[in-house]
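I opened the notebook to record two lookups, one on a pair of helices and one on a DNA strand.

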Amino acid sequence: MPFIMNVLFKVAKINNLGEEKIINFGSYRKDMGKDFIKDLNEAQQKAVLAFKGPSLVIAGAGSGKTRVLTYRIAYLLSQDIPPGSILALTFTNKAAREMKERIGRLVGPERARYLWMGTFHSVFSKILRREGHLLGYPSTYTIFDTTDSKSLVKKIIKELDLNDQIYKPGEVYGRISSAKNNLITPQAYFSSAQLMEMDKRTRRPRIADIYKLYALRCKKSNAMDFDDLLLNLYILIRDFPEVLARYQEQFRYILVDEYQDTNYLQYRIINQLSSRYKNICVVGDDAQSIYSFRGARIENILNFKHDYPDYHLFKLERNYRSTRNIVGAANSIIARNRDQISKKIWSKKEAGEKVKLIRATTDNEEGYLIANLIQDAVYAHQLHHQDIAILYRTNAQSRIFEEALRKLNIPYKVYGSLSFYQRKEIKDLLGYFRLTVNPYDEEALRRIINYPARGIGQTTLSRLEEIAASRDKRIWDILLSMDDYAGVFNQGTIRRLKAFAALINGYRENLQTMEAFDLAYSIAESSGIMKDLHYENSPENLSKWENLQEILNGIKEFVETQDQAEDTTLDSFLQSVSLLTDADSEKEEDRDKVTIMTAHSAKGLEYRFVYVTGLEEELFPSRMSSNTREELEEERRLFYVALTRAMEQVTLSYANTRYRWGVPVNSVPSRFIREIEPEYMDQPFEENPDEPYRPTWKFSQKKVESVPVTTEKMKRMKPVSRTSAPSPSGIHFTADDPAEIQAGMQVEHPRFGQGKIINLEGEPPNRKATVFFKEHGQKQLLLKFAKLKIIR
DNA sequence: GGAGCTTCAATTTTT
DNA sequence: TTGAAGCTCC
């Protein structure tokens, strides 16, 4: 089975595969100016060749933005600029990976390898690993993910005896995050009359206190959250001019992707780093700025001309992706925004199909109609499933499409569902790794000190925390000197705490000497996590166990593919893994599937057929973002992003009634439908048509090839809710006595339908059956839970 | 410590 | 409606 970490290393692999195609760099280089550049249009060429001085590239949707960036870097290399002096920053790992891969194909993987290319966070974390000691961080600092951060905020709210109904951890964390991204330290927060006033008005005057404590506790844990990676890098270059000078010298050429999404902090860092040589190239599209709610500042792109008055401006306006109708429709939408840089996106492709509109009575019908359209389109247009995407405004809408697609046996993947790295078992194991590398990491410690259960309960933990707080110590230091606390804890507790400290210390001793993989493996075994999962032999535990194996395999591969020995340590692995997201764990078997995701996560992707769904007022545009013109314009840009993902066909849909939180709500079609110029629409949009428009799909139940579903696949699918998935045979479902079930029997499962018992093992009540289901493939089920009905 | 209950909240989210 | 979190009871 291909494992999840694969992607991390794909770059190297693909480069190796692509080796034959790589033209010898040395000889290729001479012709670079001519041949190499021929692949580009005139505007793109200009943007690539102007490598000295500041450049702003406004790159419309589908205009070859990545192409320009990659060719520009390749061109820099051809001018004998060493790869180590090129810094290229992206927002996603995926974008960085793709670019590196493409550059590798142009100039050879060897040279591409030494580029400083990655996300803001990953590049900065690397620098901070090296320089963080100047700010008081060891190189083994932990990176807190959002879950860690929120849980710490929540804990602090409790400690300060504040009401978490008023101080909602998520919101408070959001305030802290946005403060950091605007370069506001806790001290600055306290002295900002405006912020304090605002918090007072929202009846949360103590956010500043929470922020201050939060920052202290992160530091005490030797930890940085995502924002700290940026903030600390900024502080580093602000307070240590010699460090700044060093990196200014090193990064003589700086490139930034998706510049419209940079926040103030990122902007300041880039500005500082590039201020010496000013060889900076930023690429972006103001029309695709959709993250202002997270602090992205569209002004950064608009103000570029003030920061670098002698800049070159390049506009890429030719769209290579979409048909003329799609480009026309998208243009007619974005034209309604006031704030934008003027540009004319055009396409030379055929006019293509007009934008279709589906009106459904209910949200369920919407799912059903779209799924059927997809089934027919695959057949009629010879599409692969991977050519299709369903987009929506909120994640909650995914369920309906999942159910509808599953009923028609159309393979799909949900982008951005529960991340692999957020799963409990993964976080537990990583927690052990984290504590081993950095025993001051209190989030990790709290997570695992009693998992697997070792008799260290909430009471003990609270007392430890109390002592730590009152004596200004760290929990780990207390654990190391348990003998001083004989009066505080009873003998048994002291023994157990000592044993835990000894366990972690044992791992720590091996940190320097053992191979990362061997150490990780031995931790997984001896910590008792593996044993805990074997304790009950349920399918859930089996899949958890498989997930742990994937992480371990990932470490093995990580170790094997690193260039330098210092990168093969467990802490190096931990740092890279902390910055990965679900999108980075795509698997080979997930390739040819319909993608369903939010419009936000679709940015940067393209599909032949795109379905933009849930186009209703208060949903898309979102109710929370319809208050000001600015907010509404951002929603409109989001819709623009959704439309411009499509190469050949766009279908819009809305429902008259939608269940929201269990209550049916009547809805009004989105203003965005009306805002598309009618000439690009398949049929005029009528506010209240007598006959709801229905597509003319036939009821042919064409059998799409049945896809065997493995446990892995099931895991990625959210289970269908019990009530909405009636028994496949339609009969009322009553389970039969598990004791009567024998191998070879035909049975029916409420969710998986009919199947055959292949094997039985274990003793009641933990008797486990291996069942082969016609529709869902082979599954392992515990009889006491499975509710199987015997058919014959 | 965990099963099983109730309660309550509920956008978007590259790292 | 889902789901997470908190609570109670063994």
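Is the crossing of α21 and α26 left-handed or right-handed? I found the crossing of α21 and α26 to be right-handed, where right-handed means that the near helix is turned clockwise from the far one by less than a right angle, and left-handed anticlockwise.

I noted that this is a predicted model, in which local features need pLDDT of at least 70, side-chain atom pairs count only at pLDDT 80 or more, and totals for chains, interfaces and linings use all residues. Residues are numbered from 1 along each chain as its sequence is written, chains are lettered from A and ligands numbered from 1 in the order in which they are written, and side-chain values use heavy atoms, without hydrogens and water.

Next I looked up the packing: α21 (residues 424–437) and α26 (residues 516–526), both DSSP runs of H or I with at least four residues, numbered from the N terminus, pack at an angle of about 120° with axes 10 Å apart. The axes are lines fitted to C-alpha atoms over the stretch in contact, with angles from 0 to 180 degrees between N-to-C directions. That makes α21 oblique to α26, the class left over after under 35 degrees (roughly parallel), over 145 (roughly antiparallel) and 65 to 115 (roughly perpendicular).

I then turned to DNA strand B, where R294, R393, T581, T598 and S625 come nearest of the 27 residues around it (near means a heavy atom within 4 Å). A polar side-chain atom of R294 lies 2.7 Å from a base oxygen of strand B, and one of T598 lies 2.4 Å from a phosphate oxygen, both polar contacts (N or O atoms within 3.5 Å).

Technical notes
A polar contact is a pair of N or O atoms within 3.5 Å; within protein, one must be able to donate a hydrogen and the other to accept it, and residues adjacent in sequence count only if both atoms are side-chain atoms. Helices (H or I, at least four residues) and strands (E, at least two) are DSSP runs, numbered from the N terminus.
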